[in-house]
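Student: I've got a model open and I'd like to go through it with you. Can we take it piece by piece?

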Amino acid sequence: MILRHYVILILLSLVFFGCTEDAIIEKNEVSKNDYPTDGPVLVEVVNEGSYSRIYRNGSPYYIKGGAYNNFLSEIPKYGGNSVRTYSIDENTQSVLDSALKYELTVCLGIWVGRETYGFDYDDEEAIAEQLAQIKNDVMKYKDHPALLMWGIGNEVNGQYTNMKVWNAVGEISDMIHELDPYHLTTTVLAGTEPDDINEIIERAPSLDVLSVNSYSGIINAQTKIASTGWSKPYLVTEWGPRGTYANPPKTSWGAPQELTSTEKGEVYRTYYSDHIASNLKNSCNGSYVFLWGYQTHGQVATWYGLFTRNGNPFESVHSMQYCWLGSFPSNRPPRIERQEDVLLNGMSADKSVKVVSGKRNQATVKATDLEGEQLTYEWVIVKEGFILDKNDTTKSTLPGIAGLFESNTENTVYFTVPEEGEYRLYAFVFDEAGNVASAAIPFMVEDL
């Protein structure tokens, strides 16, 4: 019965997520090329009739990438071919060398000053100093064989007012092209507002590729880009579930309600099929999924990460293999189908659950496994707003508040919280292969 359920799921996914056999072959063919390991590798834009393609070493190169902060070696395992970084730092050489080892490419991020962080694009001296520093970085890394393109700035349009930032980006792109004739330049926008893109077209014409970070707005991204007349390739350089900033459902006190890991996996598959892979002939040359690794930032600790910090893959990782290769891994993560499958005192997250300090509470999670493996459980409670410190060395999935649970290793558990405040309850469910599912309930503790 379990095997039959698994086969049916695969067949249905082929129908509902749009990855027909022809589409899978297309996506695989566009990423094929040999992988030189010495000296710079030529990357260029080639117009193919009505649309533009990125070519690497003479072959079309469709980007199946991760916006990276960890587990680089796992990307090729699941069918990816590239990583994106955000700045040049003490880890850059190691990232490039690791990418070379695993036959990946790197969109190498160059941090560019942002107006919202105090950078003044009317200050010519500051602009010149920034350009000089970037020139040094370009000279250092331009000949690395793993380099694919230069990502000039990340979301410099965030809450900005001074359009001269695009002149500076254009000057950086011009300088890179003079020093490095082998690689492309791009800049990364927050969203796809046509006014921003039009400013880029006018002020930074040497950019080869447009890159956009787009979450729920991805459904309109291609239409907005096309409306500007942008005729070069574009990439979706961050994408995933609707952001915590984008008004997801909240409790009565404003805590965002998180999708289960199973629901997130469905979001990744749908967005990729409908708004990335389907737009190849509209010049979308691939994407970098967010976040390849685990979170050390943001409002909710597990909102975007595709792995736990211990390297356990969520459903979204398996979804990316399906998107990149057209098939799921043979052993799938446990499934928590709906947010209503985790309950606190019989209530789901949408009920704005409140409990009494010092009183005993019951939590339960309903999870299934397609292979029928034995499931194990880990429950964690953290203060609302908790984010994992990247230097934390504890071994738990998340370092929760100690001493609250009577036991936290069953599908039904009991706990008491002594202090009032806002908290978040997590259920992590593991199969025998180390795959993981998760669900969460934000809750309020009040004194009587």
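Tutor: Sure, and keep in mind that this is a predicted model. Let's begin with a glycine: Gly434 sits in the loop between β18 (421-430) and β19 (436-446).

Student: Is Gly434 buried, partly exposed or exposed?

Tutor: Buried would need a relative accessible area under 20%, and exposed would need over 50%. Gly434 comes out at 21%, so the class is partly exposed.

Student: Which residues does Gly434 touch, leaving out those up to four places away in sequence?

Tutor: A useful start is Gly311, which is 123 residues from Gly434 in sequence but 8.7 Å from that residue in space, C-alpha to C-alpha. For actual contacts we want heavy atoms within 4.5 Å. With sequence neighbours up to four places away set aside, Gly434 touches Asn312 and Pro313.

Student: The strands on either side of that loop belong to a sheet. In what order do the four strands of the open sheet run?

Tutor: Work in from the edges: β13 (354-356) and β15 (376-383) each pair on one side only. The pairing in this sheet is mixed, and the twist averages 35° from one strand to the next. The order is β13-β19-β18-β15.

Student: Take β15 and β18, then. Which residue in β18 stands opposite Val380?

Tutor: β15 and β18 pair in the antiparallel sense, over eight bridges. Opposite Val380, in β18, stands Tyr426.

Student: Now the barrel. How many strands does the closed barrel have?

Tutor: Follow it round as β4-β5-β6-β7-β8-β9-β10-β11, with parallel pairing. From one strand to the next, the twist averages 25°. Counting the strands in that closed barrel gives eight.

Student: What angle does the direction of helix α6 make with that of β8?

Tutor: Helix α6 (residues 164-179) packs on the sheet and touches β6 (105-110), β7 and β8. Angles here are taken between N-to-C directions and run from 0 to 180 degrees. For α6 and β8 the value is about 160°.

Student: Staying with β7 and β8, which residue in β8 stands opposite Asn154?

Tutor: Strand β7 (residues 147-154) and strand β8 (residues 184-190) run parallel and are joined by four bridges. Across from Asn154, in β8, is Val188.

Student: On to the helices. Is Arg269 buried or exposed?

Tutor: Arg269 lies in helix α9 (residues 261-275). The relative accessible area of Arg269 is 5%, and the cut-off for that class is under 20%, so Arg269 is buried.

Student: How far apart are the C-alpha atoms of Arg269 and His318?

Tutor: His318 is in α10, where it is one of the buried residues. Along the chain, 49 residues separate Arg269 and His318. Their C-alpha atoms are separated by 9.6 Å.

Student: How many of the 11 residues of helix α10 are buried?

Tutor: Helix α10 covers residues 315-325 and is mostly covered. The buried ones include Glu315, Met320 and Trp324. Just past the helix comes Gly326, whose phi is positive, near 90°. Within α10 itself, the buried count is 10.

Student: Let's look for empty space. What volume does the largest cavity have?

Tutor: There are four cavities of 30 Å³ or more. The largest is lined by 13 residues, with Tyr294, Ala301, Thr302, Phe307 and Thr308 nearest its centre. By class, that lining has seven nonpolar, five polar and one charged residues. The volume of the largest cavity is about 110 Å³.

Student: Which helix gives the largest share of the lining of the second largest cavity?

Tutor: That cavity has a volume of about 60 Å³. Its lining includes Ser261, Lys264 and Tyr268. The largest share is three residues, and they come from α9.

Student: Last one: which residues lie closest to the centre of the largest pocket?

Tutor: The largest pocket has a volume of about 1100 Å³. Its lining has 10 nonpolar, 17 polar and seven charged residues, and α4 (92-101) and β11 (284-292) each supply at least two residues. Of the 34 lining residues, the closest to the centre are Tyr86, Glu238, Phe290, Leu291 and His297.

Conventions:
Residues numbered from 1 in each chain as written. Predicted model: local features only at pLDDT ≥ 70, side-chain atom pairs only at ≥ 80, totals over all residues. Heavy atoms only, no water. Pairing = 2+ DSSP bridges. Buried < 20%, exposed > 50% of the residue type's maximum accessible area, 1.4 Å probe, protein only. 1 Å grid on protein atoms, 1.4 Å probe; cavity = no way out; pocket = protein on both sides within 12 Å on 5 of 7 lines; lining within 4 Å. Points joined across faces, edges and corners; volume = space filled by probe spheres on them. Nonpolar A, V, L, I, M, F, W, Y, C, P; charged D, E, K, R; others polar.
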